[in-house]
Amino acid sequence: MSLMLEEAQSAPGCLRAQWQANAAHLAGLGRTLRESDLRGALTVARGSSDHAAAYFAYLGMKHLGLPMASVPPSLTTVANAPWRVRGQLAVAISQSGASPDLVATQKALIVGGARSVALVNTPDSPLGQASECEIALQAGVEKSVAATKSYLATLAACAHLIGAWAEDETLLTALEALPPTLEAAARLDWQPAVDALIDVDRLLVIGRGAGLAVAQEAALKFKETCAIQAEPFSAAEVRHGPMALIGPGYPVLVFAPPGPDQAGLLELAVWLESIGARVLLAADDSVGARQLPLIDAGHDDLQPLSVIQSFYVMAARLAVARGGDPDRPRHLQKVTRTL
C-alpha cells in the first residue's frame, strides 16, 4: 500500500480529531469575527491549499455575503503592493506554514490593516506565528508528497470556520457527523476509472459551485501522481473554449454529487457523450447512469469532501497501475519554498 493511499484512508480519523480539538476555539473565533464587522476576506495560499482557499471563499460568499478573493503572493514579494485592507480578514492556508512568500504576504496584509488567521498543519510554524490566530488542521505528519489527508482536513477546517462565523448550526452538525460518511466514501469501488484512465495522457475534470475546488484538486493530483495532463473547469465554463479539445473518446471526469448543481452537471454529461467524449460520471445512488459511485455527504456544502475522498483512493491506485510511485512524484518535494 502506498503512503498516499494509506494517508487518504486515514483522513476521516483526522477530521474526528480536528473537530474535538477545535470546536470550542472556532466557536469563540466565530463570535470574534461577527463582532469585528468585517467587509470581506483575502486568502493566501498555493497549490492544494489554494484549491481549499477557493472552497473557503465560495462558502464564505454564500453564507456571509462578503466578497472573498485569492491574493497572488507576488504582489507582495515582487511588486511590493501598498496594501490598504482594513476591515478584511487575511486567511493564510498552508500544510507546512513555512513558505516565505506566504509568510511575507500575510505579514504585509496585517501591516495593511487586515485581521489575520492561519490554517496550518505544522505547530509553531512561521505562518502561524505571523498571524494573530491559528487553526490547527490536526492531520498529523503527512509523509507522501501528494497531499490527501491534509487537504481534506483543510476543507473541513474551512467549513468549520465559515459555519462558526455564520452561526450555521445545520452545517456544523453535518460536519461533526461527517467522518463515518467519509469512511464509506473511501471504500467505494472506482475501478472503472482506473481501467478507463490507465493509458490516457490527458483529460478534463469538471465540477461546479463548491465542487469546482475539488475538480481543481483532482486535476492537480492527476498531473502530480499519474503524469496525466488534466485540466479542471466549471460546468458553466466548459462549453466555451475548452470544448475545442473534445474529440472521439476524449476522457472527461464529471463530479455530480447531490445538490443544486447536480441537474446541470448531469445534462452536461449527456451532451458530452453525444459529441463523442468518454465520460466518467461520478454521482450518488439516485443517478442510474453513473459510472462511479458517490456517498451523499448529508449537506450541500460538504459534498466536495465526499467526492475527493473517493477520488484520492482511486488516484493512488491509478498511479500504481500506470507504473508510477504516488509517494515520490518526479521533480517534486513536500515543502515548496517560493519568494
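Colleague: Why is Ser306 counted as buried?

Modeller: Ser306 has a relative accessibility of 1%, and buried means under 20% relative accessible area, with exposed being over 50% and partly exposed in between (1.4 Å probe, protein chains only); the value lies under the cut-off, so Ser306 counts as buried. This is a predicted model, in which local features need pLDDT of at least 70 and side-chain atom pairs count only at pLDDT 80 or more, while totals for chains, interfaces and linings use all residues. Residues are numbered from 1 along each chain as its sequence is written, and side-chain values use heavy atoms, with hydrogens and water left out.

Colleague: Where in the chain does Ser306 sit, and what is Ser306 in contact with?

Modeller: Ser306 belongs to helix H13, residues 303-321 (helices are DSSP runs of H or I with at least four residues, strands are runs of E with at least two, and both are numbered from the N terminus). When neighbours within four places in sequence are set aside, Ser306 is in contact (heavy atoms within 4.5 Å) with Leu182, Ala185, Ile295 and Ala297.

Colleague: Which residues of helix H9 are buried, and what makes you place them on the same side of H9?

Modeller: In H9, residues 179-186, the buried residues are Pro179, Thr181, Leu182, Ala185 and Ala186. They cover an arc of only 155° around the axis, taken from the directions from the helix axis to the C-beta atoms, and this puts them on the same side of H9. Their cover includes H13, together with helix H2 (11-36), helix H7 (149-166) and helix H8 (169-176).

Colleague: Pro180 is also in H9; is Pro180 buried, partly exposed or exposed?

Modeller: Pro180 has a relative accessible area of 46%, a value between the two cut-offs, and is therefore partly exposed. Its C-alpha atom is separated by 7.1 Å from that of Pro12, although the two residues are 168 residues apart along the chain.

Colleague: What makes the pair of Phe255 and Phe311 an aromatic pair, and is it stacked, tilted or edge-to-face?

Modeller: Rings of Phe, Tyr and Trp (its six-membered ring) pair if their centres lie within 6.5 Å, and planes under 30 degrees apart count as stacked, over 60 as edge-to-face and the rest as tilted. Phe255 and Phe311 are 6.3 Å apart centre to centre with 80° between the planes, so they form an edge-to-face pair. The pair links distant parts of the chain, with Phe255 in strand S8 (residues 251-256) and Phe311 in H13, 56 residues apart. Both count as buried, Phe255 at 2% and Phe311 at 0% relative accessibility.

Colleague: Why is the pair of Phe311 and Tyr312 called tilted?

Modeller: The centres of Phe311 and Tyr312 are again 6.3 Å apart, but the planes make an angle of 55°, which falls between the two angular limits, so the pair is tilted. Tyr312, like Phe311, is buried. The structure holds four aromatic pairs, and ring pairs link Tyr151, Phe222, Phe255, Phe311 and Tyr312 into a cluster.

Colleague: Which residues touch the most other members of the largest nonpolar core?

Modeller: A nonpolar core is a set of buried Ala, Val, Leu, Ile, Met, Phe, Trp, Tyr and Cys residues joined through side-chain atoms within 4.5 Å. The largest one has 86 residues, and those touching the most other members are Tyr55, Val205, Phe222, Phe255, Leu302, Leu305 and Phe311. H7 gives the largest share of this core, twelve residues. Apart from it lies another core, of 18 residues, including Val252 and Leu281.

Colleague: How do you know that strand S1 is largely enclosed by the rest of the structure?

Modeller: Five of the five residues of S1 (residues 40-44) are buried, so the strand is largely enclosed. On one side Gly40, Leu42 and Val44 are buried, and on the other Ala41 and Thr43 are, which leaves both faces covered. Two strands pair if DSSP finds at least two bridges between them; S1 runs parallel to strand S3 (residues 88-94) with five bridges, and it pairs in the parallel sense with strand S2 (residues 68-70) over three. Thr43 stands opposite Val91 in S3, and Ala41 opposite Met68 in S2.

Colleague: In the sheet ordered S7-S6-S8-S9-S10, what makes strands S7 and S10 edge strands?

Modeller: This is an open sheet of five strands with parallel pairing. Strand S7 (229-234) and strand S10 (292-293) each have a single partner strand, so one side of each is left without a neighbour in the sheet. Strand S9 (residues 278-283) pairs with S10 over two bridges, and Ala283 has Pro293 as its bridge partner in S10.
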